[in-house]
Amino acid sequence: EDLVSRALTNLLGNAIKYSPANTEVVVSANANGKSVFISVADQGPGIPPELLSRIFEKFYRVPRVEDADAPGTGLGLTLASEIAELHGGRVLVESEPGSGSVFTLRLPIDIKQEK
């Protein structure tokens, strides 16, 4: 529970940090019977497609001049991804430069049936 909370806090913190003032960050959740999906959508600068493969690397931060003074170590997405994998899930990302990003924590649903 604590680890999943930490993963979501990291995703939400990034969305807030990189979104312009007076814009919305939207958190939503749904399930399909096998997995639960918790998404965090922002209206930030987005991530160029050629950099998406690197965003979960330790200490990696998307290089942007306007973000040079933004605090952070480049570990938030790495930790979120590792926590998801520890629970049998993963973090998915959809992003387009200039249109923001959506990070989705996908976790399997374990349903134990009583006999």
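These exercises work through helix α1, the nonpolar core and the strand pairing of a predicted model.

**Exercise 1.** Work out which residues of α1 are buried and which side of the helix they occupy.

*Solution.*
- Start with the helix. α1 covers residues 2-18 and reaches 24 Å from its first C-alpha to its last, close to the 24 Å expected at 1.5 Å a residue.
- List the buried residues. They are V4, A7, N10, L11, N14 and A15.
- Check their directions. These residues sit on the same side of α1, because they cover an arc of only 130° around the axis.
- Turn to the other face. The face away from the buried side carries the exposed residues D2, R6 and I16.
- Find the packing partners. The buried residues of α1 pack against β2 (35-41), α2 (76-86), β3 (90-96) and β4 (100-108).

**Exercise 2.** Find the residues with the most contacts inside the largest nonpolar core, then trace the contacts of V91.

*Solution.*
- The core has 16 residues. Those with the most contacts inside it are L11, V91, F103 and L105.
- Now the sources. α1, α2 and β4 each supply at least two residues of this core.
- Take V91, leaving aside its neighbours within four places in sequence. Its contacts include L11, F56, A80, F103 and L105.

**Exercise 3.** Determine how β4 pairs with β2 and with β3.

*Solution.*
- β2 and β4 run antiparallel, joined by seven bridges. Here V36 has L107 as its bridge partner in β4.
- β3 and β4 also run antiparallel, with seven bridges. V91 has L105 as its bridge partner in β4.
- Inspect the hairpin of β3 and β4. Three residues lie between the strands, and G98 takes a positive phi near 85°.

Terms used. Residues numbered from 1 in each chain as written. Predicted model: local features only at pLDDT ≥ 70, side-chain atom pairs only at ≥ 80, totals over all residues. Heavy atoms only, no water. Helix = DSSP H or I, 4+ residues; strand = E, 2+ residues; numbered from the N terminus. Expected span 1.5 Å × (residues − 1). Buried < 20%, exposed > 50% of the residue type's maximum accessible area, 1.4 Å probe, protein only. Arc of directions from axis to C-beta. Contact = heavy atoms within 4.5 Å. Core = buried A, V, L, I, M, F, W, Y, C linked by side-chain atoms within 4.5 Å. Pairing = 2+ DSSP bridges.
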